[in-house]
Amino acid sequence: MSALNITKGSTSHSAYDLRDPYAEVIESHTLAVIVANESGVLARVIGLFSGRGYNIDSLTVAEVDHEGHRSRITIVTRGTPQVIEQIKAQLGRLVPVHEVHDLTVEGPSVQRELALIKVAGKGEQRIEALRLAEIFRANVVDSTLESFVFEMTGTPEKIDAFAELMRPLGLREVARTGVAALSRGV
Amino acid sequence: MTKANAGTMSGAKMIVKALKDQGVEVVFGYPGGAVLPIYDEIFLQNDIRHVLVRHEQGAIHMAEGYARSTGKPGVALVTSGPGATNAVTGLTDALLDSIPLVVLSGQVPTFMIGTDGFQEADTVGITRPCTKMNWLVRDTERLAETIHTAFHVATSGRPGPVLIDIPKDVQFATADYVAKEKVKASHYQPRVKGDIDQITRLVELLEKAERPIFYTGGGVVNSGPAASQLLRELVDATGFPITSTLMGLGSYPASGQNWLGMLGMHGLYEANLAMHGCDLMINIGARFDDRITGRVADFSPHSVKAHIDIDPSSINKVIRVDVPIIGDVGHVLEDLLRVWKSRGRKVNKDGLAKWWKQIAEWKAVNCLDFKNSDKTIKPQYALQRLEALTKGMDRYITTEVGQHQMWAAQFLGFEAPNRWMTSGGLGTMGYGLPASIGVQIAHPEALVINVAGEASWLMNMQEMGTAMQFRAPVKQFILNNERLGMVRQWQELLHGERYSHSWSESLPDFVKLAEAFGCKGIKCSDPKDLDDAIMEMIRYDGPVIFDCLVEKHENCFPMIPSGKPHNEMLLGEAETQGVIKAGGAVLV
Ligand SMILES: Cc1ncc(C[n+]2csc(CCOP(=O)(O)OP(=O)(O)O)c2C)c(N)n1
Ligand SMILES: [Mg+2]
């Protein structure tokens, strides 16, 4: 209870609390947003998320059609179904946005992320790190006598799992690209 | 040497030409270093009129008043840095109220961008969240095209403000002019036709509803006069009651048979209770704003809801609806009427008769009743007299923000759209005076009155200079309660009558102020003199500042306190003791 005697999480006190108390399931969705590659467009998309209080778990962007100057922004976001619908509608009405796809609901999709993972260690630890890397099909892209940089692609979960395993083996640094995703099939 | 093409011109010339080609007649602006080349071009021509404001915020609100009263986009021109930052409040206001504006700002030359140059500001960065779209034009070749696209974006779909930031070197450099017709069609083409299956579903609901209500908003006004016409036809043909938000007043005439008055926080008892008790709610171009819904969980609990809106993001944003129809109000209403007629114009007559009987009982409460006085002017009385004395005239009303605004919405009647300009979404004190000038510039012969509060009015009073210079005979009707009345009312109801900084002290003598500006000042404090004073204001050929000294502690009722549902509305003084629980105090 706050000083104003408002029960935590209660919706009755607030016209601003728009969420249906019965549908508080938080879902993760991967959105593909095709935008005109003009200056300021990414800022507009990110500003929409920060300005309206939406989550961004991951965001990647690159021009994918050089002739048409189109970029593809892949956003992994979280929210109740209502919030997810709002996010899509809000993205859709931005002037430079051409298309919004919810890959999570539009059918099966593939999601991949690339990560570089630096692990430092000696002896048994080093060998164990290398062994696990093989299992995860991570490549060694840099090595010294005391460190490796592994490169791996996979789902974010796979990268999380690998990084977690590396932690006791001398994990130093992780760089991740964020998720790129495409729907399966044609 | 290349032969100069006939279409080759400087960026500055291009700007003026593009505005002309877009049919722009008036630009509201203020010069400065970064827009001097454009001002040079303005100097050299006579087609576009430039109205020199006194503050850039004034320019934007004038452009808003111009736009809202004509249906055309408003255009403003400001310099870089402080010129652009002064425009921010107006841009945000226009964004929230969906007003089409094209704002041009000067910028430091491209080679200086990022160096903290004199009067440099990241204008596109600052205005990104308060524009529908904005552009920094780095190349004169793209300038004309960008301006044409800007007009398309500002006026298509849900209208809104756009800004074009133009570095000074881009204004000087030359390039080929791109004609409006040559610009390749923008991919931005919001859908205007509604889904016919959803429209048919709505017709089926219309035919059966026992307690239907039309809940209309600014979208009807924005859709254009045809939409208002169709709305009238639909309302009259079905016999359903209709209410409107603050933004939608006038699309259905206040004198119309089925009119329940405005709804919302200070809306009419009958309108709010009808919203609460209806079984079919048809939202046409409104957005379930929190001033309308009150406590969301208890909003119209037993109704099936349909929502017609051109902006898909308005649908299911606040209130979940059963029949969403994405499209332009005019187009959707046309289809709706056609389908309904083709199916035999059915309505539930028995249900409707009972419903109107119930509504009549609510109306009998006479919620706008107030205790009049023969000693002090009650603000409600002042507006009743203003209404009586100006009804039927070619009249436009603007307002500031506060109690007076709500009373104006309650006590003035609007028979046509585009006659009422008020800051709804942002609630911008200081909107009304410049907006009234913008309206007057667009309608030189009309009677334009700004119903103001003394505190709001002071926020942009410098624009009286603009009114004088451009012979805009705007009437500033100030309901002077020497209070930040709306703040005072909330403090009384929600903060234990602790009136922290909510009174207007050291007010100017408004009559002397009027004289200082060279216009007419009128002061009135006795109800007996009011009619004559109002007539004097109307008859005076020029701007007037009318200081109407009103009751200082009047509260605006009805009121749905924040966090309360519609059926827990306050009607008058007696009911206000301790009714707002602490929870309501966190809301604005
Ligand atoms: C720019 C701005 N600042 C503050 C507010 C908050 N506010 C809303 S109404 C109001 C008082 C307005 O006083 P006045 O113009 O005298 O109108 P009254 O309510 O007395 O009729 C204030 C301060 C606002 N709406 N806009
Ligand atoms: Mg006041």
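**Exercise 1. Which protein donors does the magnesium ion (ligand 2) have, and how far from it do they lie?**

The model is predicted: local features need pLDDT of at least 70, side-chain atom pairs count only at pLDDT 80 or more, and totals for chains, interfaces and linings use all residues. Residues are numbered from 1 along each chain as its sequence is written, chains are lettered from A and ligands numbered from 1 in the order in which they are written, and side-chain values use heavy atoms, with hydrogens and water left out.

Step 1. Donors are N, O and S atoms within 2.8 Å of the metal (3.2 Å for Na, K and Ca); water is not among the atoms, so sites may look incomplete.

Step 2. Glu454(B) appears twice, each time through OE, beside Asn481(B) through OD1 and Arg483(B) through O, at 2.0 to 2.8 Å from the magnesium ion (ligand 2).

Step 3. Along the chain, these donors are spaced as E-x26-N-x1-R. Glu454(B) belongs to helix H19 (residues 454–459) of chain B, and Arg483(B) to the loop between strand S18 (475–480) and helix H21 (485–494), so the pair, 29 residues apart, links distant parts of the chain. Helices (H or I, at least four residues) and strands (E, at least two) are DSSP runs, numbered from the N terminus.

**Exercise 2. Classify the geometry of the magnesium site.**

Step 1. Six donors count as octahedral if opposite donors are over 155 degrees apart and all others between 65 and 115; four count as square planar on those limits, or as tetrahedral if all angles lie between 85 and 135 degrees, and anything else is irregular.

Step 2. The six donor atoms of the magnesium ion (ligand 2) make angles of 50 to 173°, and the site is irregular.

**Exercise 3. Is Asn481(B) buried or exposed, and what does it touch?**

Step 1. Buried means under 20% relative accessible area, exposed over 50%, and partly exposed in between (1.4 Å probe, protein chains only).

Step 2. Asn481(B) counts as buried because its relative accessibility is 7%. Glu454(B) and Arg483(B) are both buried too.

Step 3. Asn481(B) is placed in the loop between S18 and H21 of chain B. Leaving out residues up to four places away in sequence, Asn481(B) touches Gln403(B), Glu454(B), Val550(B), Glu551(B) and Lys552(B). Contact means heavy atoms within 4.5 Å.

**Exercise 4. How many of the residues of H21(B) are buried, and against what do they pack?**

Step 1. Eight of the 10 residues are buried, which leaves H21(B) mostly covered. Among them are Met486(B), Trp490(B) and Leu494(B).

Step 2. The buried residues pack against helix H13 (290–293) and helix H17 (403–411) of chain B.

Step 3. Just after H21(B), Gly496(B) has a positive phi of about 55°.

**Exercise 5. Describe how domain 2 and domain 3 of chain B meet.**

Step 1. Chain B has domain 1 (8–182), domain 2 (196–363) and domain 3 (379–549); such bounds come from an automatic or database domain assignment.

Step 2. The C-alpha centres of domain 2 and domain 3 of chain B are 31 Å apart, and 17 residues of domain 2 are in contact with 17 residues of domain 3.

Step 3. About 1400 Å² is buried between these two domains, 65% of it from carbon and sulfur atoms. Buried area is the accessible area (1.4 Å probe) that two parts lose on being put together, summed over both.
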